[in-house]
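Thank you all for making time this morning. I would like to walk through one structure with you, going from its sheets to its helices, and I will try to keep to what the coordinates support.

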Amino acid sequence: MIVTITANPCLDRNVLVERMVSDDTMHPILVTDDPGGSGINVSRVLTRFERKNIAVGFLGGGTGQDVARLLDEEGVVHRFTEIKGNTRTNMIISDKSTRAQYRISFPGPDIAPSEVESFMNGMNQYLDAEFWSIGGSLAKGLPETLYRDLVRLGNSKGVKVVLDTYGVPLSLGLRESPFLVKPNEFELSRIVKRDLNTLQDFVDAAKSLHRQGVSIVVASRGAEGALLVSDQGVWNAIPPRVEVKSKVGAGDSTVAGVLMAVADGLKHDEAVRMGVACGTATTLTEGTGLCLKSDVLDIYERVTVQAID
């Protein structure tokens, strides 16, 4: 059982325009809504692969109801803590003529201490889960220590906790030695406080996190794939070249792919292969659409995995 935790969910509104023009009215070609947020995206991918999971976190207001409805339509099981504030709406605008994408991310609602307490009490019912997958930003009102406290709670009960966030919440969470982290280039660079210019730089940085107690470090390298460091070894997974339509959700899909493989007991070279396949397949979809199972299986066969000494 995998529990995904999204502390700052959103409704992702995807707007496709023919061409971005300043100081003029633009009429969208297409407008679609998707349930959004890092943990939610992980659950959406897991559900497409028929993996048992449940999405939790905070939802509120009319937008929160829309997110819940969209999750129901996708068959994602969820049990969110209800809040008084209204869940945020994010905007993703895609320019068809240039393939440029503009993302507007809003801060989210204020969450009261009593709502945080209710959520934390609710997590006690998931202490028998194999994995908790925590992802994304913190909404206003949430303590920066929330993810740290969740990692600590999970660790104390034998839950393997995945942490995919950034900034102070990531730094605090790392002190509790989560099971898996997935920093991208910029996050990893900030953690180790140096630039990452070569593959060896990534290897050295990921190894430093592993030495600090993180069992599996997956360093995302964008179009270059991902690097995995664990007790089993070090592997660099390189995806095939594809036509990228959107990068939104690719990192979350990578987390879902790695989790599925690890949960199945596969070796970690296969785990990073599956992660990169899911992440790459997500870039084939418009807006905040996520990977299709058929695309993942096709790309999986074309991902190159190299062992690094």
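What follows is a tour of two sheets and of the helices that go with them.

Please keep in mind throughout that this is a predicted model.

Let me begin with the sheet of 10 strands, which is open, has mixed pairing, and follows the order β5-β4-β1-β8-β9-β10-β11-β12-β13-β14. Its edges are β5, residues 81-83, and β14, residues 304-307, and because each of these has a single partner strand, one side of each is left without a neighbour in the sheet.

Within this sheet I would like to stay for a moment with β12, residues 226-230, where 5 of the 5 residues are buried. Which residues lie on each of its two faces? Ala226, Leu228 and Ser230 are on one side, with Leu227 and Val229 on the other, and since every one of them is buried, as the burial cut-off of under 20% relative accessible area requires, both faces of the strand count as covered.

On one flank, β12 pairs with β11 in the antiparallel sense over 4 bridges, and there Val217 stands opposite Val229. The hairpin of these two strands has 5 residues between them, and one of the hairpin's residues, Gly222, takes a positive phi near 65°. On the other flank, 5 bridges join β12 to the antiparallel β13, with Ser230 opposite Gly233, and the hairpin connecting this pair passes through 2 residues. Strand β13, residues 233-238, in turn runs antiparallel to β14, to which 4 bridges join it, and in that pairing Trp235 stands opposite Ala307.

Across this region lies helix α7, residues 199-211, which extends over β10, β11, β12 and β13 and runs at about 35° to β12.

Now to the second sheet, which is also described as open and mixed, with 4 strands in the order β3-β2-β6-β7. Here β3, residues 30-36, and β7, residues 101-104, stand at the edges, and as each has a single partner strand, one side of each lacks a neighbour in the sheet. Neighbouring strands of this sheet are turned against each other by 20° on average, with direction ignored. The pairing of β6, residues 88-95, with β7 is antiparallel over 4 bridges, and Ser94 has Gln101 as its bridge partner in β7. Helix α2, residues 61-74, lies across β2, β3 and β6, and it runs at about 90° to β3.

Two further helices deserve a closer look, beginning with α8, residues 250-263, whose 14 residues reach 20 Å from the first C-alpha to the last, close to the 20 Å expected at 1.5 Å a residue. Of those 14 residues, 12 are buried, among them Asp252, Ser253 and Thr254 as well as Val255, Leu259 and Met260. After α8 comes Gly265, with a positive phi near 80°.

Helix α9, residues 268-282, should span 21 Å over its 15 residues, and its end C-alpha atoms are indeed 21 Å apart. How many of its residues are buried? The count is 13 of 15, so to speak of α9 as mostly covered is fair.

Finally, the axes of α9 and α10, residues 293-300, come within 8 Å and cross at roughly 130°, and the two helices are therefore oblique to each other, in a right-handed crossing. The contact involves residues including Arg273, Met274 and Ala277 in α9, which meet a set in α10 that includes Val296, Ile299 and Tyr300.

Notes. Residues numbered from 1 in each chain as written. Predicted model: local features only at pLDDT ≥ 70, side-chain atom pairs only at ≥ 80, totals over all residues. Heavy atoms only, no water. Pairing = 2+ DSSP bridges. Contact = heavy atoms within 4.5 Å. Axes fitted to C-alpha atoms, helices over the stretch in contact; angles between N-to-C directions. Expected span 1.5 Å × (residues − 1). Buried < 20%, exposed > 50% of the residue type's maximum accessible area, 1.4 Å probe, protein only. Parallel < 35°, antiparallel > 145°, perpendicular 65-115°, else oblique. Left-handed = near helix turned anticlockwise from the far one by under 90°.
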